[in-house]
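How do the helices of this chain pack, and which residues stay at the surface? Follow the model below one element at a time.

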Amino acid sequence: MSDAPCDTALLAERLGRSERLPGARLPSAVLALLLAGQAEDSRTAARALDVAHALVLRAVAMLAGAEPLIEITRRDDRTMRTFYRPTRRAREMAGDIG
């Protein structure tokens, strides 16, 4: 069995304690999944986290807002599925934490 889910959970916890995402548990988890290569879109993240897709879309909006940590690359207008990639700032932040 892989330690990847455990590592991702640890990264999410650390991101949630960062200056940029203090206490933001769901956005931290979405970003951790992205940085770990486990979810590059909102539907996959919602399934992995067992939460409603709408909640993940809110987290994505937060992460893509001011001082973005993710860059939205594409959206499906019908399903609202949103694809994204980490910004350089997000990768640096994860490196500083890891």
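A residue counts as exposed when its relative accessible area is over 50%, and as buried when that value is under 20%. Asp-50 has 70% relative accessibility, so it is exposed. Keep in mind that this is a predicted model.

Begin with helix H2, which covers residues 25-35. How many of the residues of H2 are buried? The count is 8 of 11, so the rest of the structure largely encloses this helix. The buried set runs through Pro-27, Ser-28, Ala-29, Val-30, Leu-31, Ala-32, Leu-33 and Leu-34. After H2 comes Gly-37. The phi of Gly-37 is positive, near 75 degrees.

Now look at the neighbours of H2. Two packed helices are described by the angle between their axes and by the distance between those axes. Take H3 to start with. The axes of H2 and H3 cross at roughly 110 degrees and come within 10 Å. An angle from 65 to 115 degrees counts as roughly perpendicular. H2 and H3 are therefore roughly perpendicular to each other. The crossing of H2 past H3 is right-handed. Which residues make the contact? From H2 come Leu-26, Ala-29, Val-30 and Leu-33. They meet Ala-45, Ala-48 and Leu-49 of H3.

H4 is another partner of H2. Here the packing angle is about 80 degrees, and the axes lie 9 Å apart. H2 and H4 are therefore roughly perpendicular too. On the H2 side, the contact uses Leu-26, Pro-27, Val-30 and Leu-31. On the H4 side, it uses Leu-55, Val-56, Ala-59, Val-60, Met-62 and Leu-63. Leu-26 and Val-30 thus appear in the contact with H3 and in the contact with H4.

Turn to H4 itself. This helix spans residues 53-64, 12 residues in total. From first C-alpha to last it reaches 16 Å, close to the 16 Å expected at 1.5 Å a residue. Its buried residues are His-53, Val-56, Ala-59, Val-60 and Leu-63. Where do these buried residues sit around the axis of H4? Seen down that axis, they fall within an arc of 115 degrees, so they line one face of the helix. The buried residues of H4 pack against helices H2 and H3 and against strands E1 (70-75) and E2 (82-86).

The loops on either side of H4 deserve a look. Most residues other than glycine have a negative phi. Asp-50, in the loop between H3 and H4, has a positive phi of about 55 degrees although it is not a glycine. Glu-67 sits in the loop between H4 and E1. Its phi is also positive, about 50 degrees, and it is not a glycine either. Is Glu-67 buried, exposed or partly exposed? Its relative accessible area is 49%, so Glu-67 is partly exposed.

Finish with the loop between E2 and H5, where Thr-87 lies. At 15% relative accessibility, Thr-87 counts as buried. Leaving aside residues up to four places away in sequence, Thr-87 touches Pro-68, Leu-69, Ile-70 and Glu-71. H5 follows with residues 88-97 and includes Asp-96. Asp-96 is exposed, because its relative accessibility is 70%. Its C-alpha atom is 17 Å from that of Pro-68, and the two residues are 28 places apart along the chain.

Note on methods:
Residues are numbered from 1 along each chain as its sequence is written. This is a predicted model: local features need pLDDT of at least 70, side-chain atom pairs count only at pLDDT 80 or more; totals for chains, interfaces and linings use all residues. Side-chain values use heavy atoms; hydrogens and water are left out. Helices (H or I, at least four residues) and strands (E, at least two) are DSSP runs, numbered from the N terminus. The expected span of a helix is 1.5 Å times one less than its number of residues. Buried means under 20% relative accessible area, exposed over 50%, partly exposed in between (1.4 Å probe, protein chains only). The arc is that of the directions from the helix axis to the C-beta atoms. Contact means heavy atoms within 4.5 Å. Axes are lines fitted to C-alpha atoms, for helices over the stretch in contact, and angles run from 0 to 180 degrees between N-to-C directions. Angles under 35 degrees count as roughly parallel, over 145 as roughly antiparallel, 65 to 115 as roughly perpendicular and the rest as oblique. A crossing is left-handed if the near helix is turned anticlockwise from the far one by less than a right angle, and right-handed if clockwise.
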